[in-house]
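Me: I have some questions about the labels used for this model. Please set each value against its definition.

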Amino acid sequence: MVELEAVTRRYGKNTALDAVTVAFARGTFTAVMGPSGSGKSTLLQCAAGLDRPDAGRITVAGQDLTGLSERRLTLLRRERIGFVFQAFNLLPALTARQNVGLPMRLAGRRPDRATVDRALAAVGLADRAGHRPQQLSGGQQQRVAIARALVTRPAVLFADEPTGALDTNTGRDVLRLLRDLVDEHHQTIVMVTHDPAAAAYADRVLFLTDGRLSGSLSAPTASAVIEMMAAA
Ligand SMILES: Nc1ncnc2c1ncn2[C@@H]1O[C@H](COP(=O)(O)OP(=O)(O)OP(=O)(O)O)[C@@H](O)[C@H]1O
């Protein structure tokens, strides 16, 4: 669903990503780990079309991002790519329903109530549609953000430390939701995390070191992830 071929991203003299080649198959859940500064966020931002690589090729659902104009890239991002952040990034003045409808508004369409409510129901928040972010717990806010990211039925959902601002139990609920989206709806998910317990929800863990892929682990357990981190 998403392919990176020899993707390089430099910031000045600093190489944040160094010729990374990796594919994320449809309906799989991948965790990306590595020390601070190893390039995890840069990998996600490039794969999501939020940042442009200096070299290499990225395709999402068969569409090559590399040569696209800003306008085409924005459209593709809006329709085919979902992104959730550690800090939720909901608009505080809008209700959950209005936040979830936002991608449609940005695309110049009237949010379709049934689609929005279905997205909220899919994250277990059908009864919170009229609440504003400050009336919701952190876990509920993140679930609204996930509903917003999924409302356009994107080819891939990228999540940059989605549980980083949540306590352990709430984080676990969000991870279970992501796992269910993969198992029940064949959603493709790529998630950056520092937490071995979070990574254990994925089908595969990729490790980055100094902008390069340094290892991977299939069907990870938290202890296998910890061992791999210790060996790095
Ligand atoms: N906008 C930027 N300008 C300059 N350098 C940057 C920028 N973004 C990232 N970098 C550099 O690129 C490298 C990779 O950063 P990146 O944020 O991708 O790492 P990370 O693995 O996500 O780190 P963390 O776990 O701390 O979030 C780092 O050396 C960082 O300083």
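Reply: Start with Leu208, which stands opposite Leu213 in strand 10. This is a predicted model: local features need pLDDT of at least 70, side-chain atom pairs count only at pLDDT 80 or more, and totals for chains, interfaces and linings use all residues. Residues are numbered from 1 along each chain as its sequence is written.

Me: What makes strand 9 and strand 10 a pair?

Reply: Pairing requires at least two bridges found by DSSP. Strand 9 (residues 204-209) and strand 10 (residues 212-218) have 6 bridges, in the antiparallel sense. Strands themselves are DSSP runs of E, at least two residues, and helices are runs of H or I, at least four, numbered from the N terminus.

Me: What lies between strand 9 and strand 10 in the hairpin?

Reply: There are 2 residues between them. Asp210 in the turn has a positive phi of about 50 degrees.

Me: Why are helix 5 and helix 6 called roughly parallel?

Reply: The axes of helix 5 (residues 138-150) and helix 6 (residues 168-185) cross at roughly 20 degrees and come within 9 Å. That makes the two helices roughly parallel, because the label covers angles under 35 degrees (over 145 is roughly antiparallel, 65 to 115 roughly perpendicular, the rest oblique). Axes are lines fitted to C-alpha atoms, for helices over the stretch in contact, and angles run from 0 to 180 degrees between N-to-C directions.

Me: How do you know which residues of helix 5 and helix 6 meet?

Reply: Contact means C-beta atoms, placed from the backbone, within 7 Å. Gly138, Gly139, Gln142, Arg143 and Ile146 in helix 5 meet Thr170, Asp173, Val174 and Leu177 in helix 6. These divide into 3 nonpolar, 4 polar and 2 charged. Nonpolar covers Ala, Val, Leu, Ile, Met, Phe, Trp, Tyr, Cys and Pro; charged covers Asp, Glu, Lys and Arg; the others, Gly among them, are polar.

Me: Why are helix 3 and helix 5 roughly parallel?

Reply: Helix 3 (residues 96-106) packs on helix 5 at about 30 degrees, with axes 7 Å apart. The two are therefore roughly parallel to each other. Ala96, Asn99, Val100, Leu102 and Pro103 of helix 3 touch Val144, Ala147 and Arg148 of helix 5. By class, that contact has 6 nonpolar, 1 polar and 1 charged residues.

Me: What puts a residue around the ligand?

Reply: The C-beta atom, placed from the backbone, must lie within 6 Å of the ligand. Residues there include Tyr11, Asn14, Gly34, Lys40, Ser41 and Thr42. Helix 1 gives the largest share, 3 residues. The shell has 2 nonpolar, 8 polar and 1 charged residues.

Methods. Two residues are in contact if their C-beta atoms, placed from the backbone, lie within 7 Å.
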